[in-house]
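Student: I should like to learn how to read strand pairing, helices, cores and cysteines in a model of this kind. Where should the reading begin?

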Amino acid sequence: MGNVDTISIPELTIIEFHNALREKRTTCAEVVEAYLARISQYNDTLKALITVNKNALDVALQRDQETETLLQRSEDNVFPPLHGVPIILKDTYSTVDMPTTSGIKALHSLQTNDDAFVVGELRRAGAIILGKANLHEFSLEGITVSSLGGQTRNPYDLTRTPGGSSGGTAAALAANLGLVGCGGDTMNSLRSPASACSIVGFRPTRGQVSRSGIVPVTETQDAVGPMARTVRDARVLFDVMKGEDTGDQATVDELRHRRGQGGNGEGAIRVGVLRAFFADEDNVEGAMVNQTVLDALDKVKVDKRIEIAPLSLQDATWDIPSLIATADMQSYEFRSVFDAFLRSPLIACTPHRTLESIVASGAYHQEAVTPVLHRTLQTAGPYTMDGAEYRSRLETIGALKESVEACFVEHRLDALVYPHQKQLVVPIGAMAQPQRNGILASLTGRPAICLPAGFSPPTQSAPVGVPIGLELMGQPWRDDDLLDLAEHFETIIQGRKPSPLA
């Protein structure tokens, strides 16, 4: 390992890594070797990764040659933003040199002709793709169990799940199997595992980051974004990921060029506490979650530049179960977008060209799938994109966007804050993670970030406790403002602890 221990692989940040490269205290190859050693040590237990990139070390050696050239040429010793950074990708991101499976055994051999648009941006910024992470089957739930990757375990409590669907990426980062990572989010899927694994998960404004070449669930709700142990690392990754791509028309929006103003125009930053999204106090786990998030907010209140304003909203249209029942688009769009991906020119080879073919094969985790899978395959009934029910859901989403915007204007808000989920992440064996609040951002397309708020009390299976996440939801296209706020919260709260595996 050379001198790699001098920079401490556990909890390593991008800045620390790049400084160590400049000072010749380590090399890209040494760091990749260290991560590969941790993967070898812990992945059999965690089942966080489906595929390890067999070319990662060769790419690291190329980056080391580039390091020498960059240090000789640049007086400021400036590296590309992700130079040599080992990244974990959710196994929905197309990679030309590794299979792209969505965790499904039936797609174990699916190969693409090219990288996803975002993966190409990551590579051009100097990243090393270290591996592809496990996820929940088809990305349809929050447990992170798949027919191909098995059940991912939470690094803080091996008896519990890591949340999901991007739980493999979160578990890998929490256990320091990679430096940063990327996930996807249809309802909760970046932020749920961030909450459960004491990391940062950022769902950008819809349209900030291209979804082209990423296995989809819906057109309306899907987003992809960065995952990291710190907000600053998530921001570095986001800055590389974001940008226009004609392959994803949602990214072609003039609003992306609008510069955030910062604050509400009155100097202070005003954050509304969405009390309706807290747990019922008669629930033991819910009470733990509530207290942890409220304690974190009490720390933030010390900073007089941030005004924490409790909100008592009675708007029934924000009720999470109601939104799932009347606005969630998964059953209506999944088959169409999934089949379009399988039949696209991007696909080099695949054993299946339709979702129906995969289901007919039986080569998928039949206990892990949600009703979405079978509803979307119905040829008769409401689950189509050209019926009255679909149009009604679009109208409900439109009204919700207006309602949330009105709330921000009326209360002069820069962000809303609430627990990402109202209970601890569920034990292994459960097939659903209830009580999550992520759909509000998913339906409105607003940016939302989950960061560590703290932990439940320690137990025998969770020696430092189970992680609890705090979510901030901001204004559309003002992602940088939200990241600024999140980094400030992170600095004050200091809610992350390394996992016992560190």
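Tutor: Let us begin with a definition: two strands pair if DSSP finds at least two bridges between them. The model is predicted. Strand S10 (residues 269-274) and strand S13 (residues 415-419) satisfy this criterion, pairing in the parallel sense over three bridges. Within S13, Ala415 is the bridge partner of Val271.

Student: Over how many bridges do S10 and strand S11 pair, and in which sense?

Tutor: S10 and S11 (residues 306-311) are joined by six bridges, and the pairing is parallel. Here Val273 of S10 has Pro310 of S11 as its bridge partner. Between these two strands the chain passes through helix H8 (residues 284-301), giving a right-handed β-α-β crossover.

Student: Is S10 mostly covered or mostly exposed?

Tutor: S10 is mostly covered, with five of its six residues buried.

Student: Let us turn to helices. What is the general idea behind reading the faces of one?

Tutor: An α-helix has 3.6 residues a turn, so residues three or four places apart point the same way. Consider helix H15 (residues 479-493), in which the buried residues include Leu482, Leu485, Ala486, Phe489 and Ile493. Polar residues are also buried in H15, among them Asp479, Asp481, Glu487 and Glu490.

Student: What span does H15 reach from its first C-alpha to its last?

Tutor: The 15 residues of H15 reach 21 Å, close to the 21 Å expected at 1.5 Å a residue. After H15 comes Gln494, whose phi is positive, near 50°.

Student: Which residues touch the most other members of the largest nonpolar core?

Tutor: That core has 88 residues, and those touching the most other members are Leu82, Ile87, Leu122, Ile449, Leu470, Leu472 and Phe489. Helix H2 (residues 28-46) supplies its largest share, nine residues. Leaving aside residues up to four places away in sequence, the contacts of Phe489 include Val271, Leu297, Ile306, Ile308 and Leu472. Another core, of 26 residues, lies apart from the largest one; Trp318, Leu323, Phe408 and Ala441 are among its members.

Student: How many disulfides does the structure hold?

Tutor: The structure holds zero disulfides. A disulfide requires two cysteine sulfur atoms within 2.5 Å.

Student: Why does Cys28 form no such bond?

Tutor: The closest cysteine sulfur to that of Cys28 is in Cys182, 18 Å away, which is too far for a bond. Cys28 counts as buried, at 0% relative accessibility.

Student: What is the corresponding reading for Cys197?

Tutor: Cys197 cannot bond because its sulfur is 10 Å from the closest cysteine sulfur, in Cys450, which is too far. Cys197 is buried, its relative accessible area being 0%.

How values were computed
Residues numbered from 1 in each chain as written. Predicted model: local features only at pLDDT ≥ 70, side-chain atom pairs only at ≥ 80, totals over all residues. Heavy atoms only, no water. Buried < 20%, exposed > 50% of the residue type's maximum accessible area, 1.4 Å probe, protein only. Helix = DSSP H or I, 4+ residues; strand = E, 2+ residues; numbered from the N terminus. Right-handed = clockwise from strand over helix to strand, strands pointing away. Expected span 1.5 Å × (residues − 1). Core = buried A, V, L, I, M, F, W, Y, C linked by side-chain atoms within 4.5 Å. Contact = heavy atoms within 4.5 Å.
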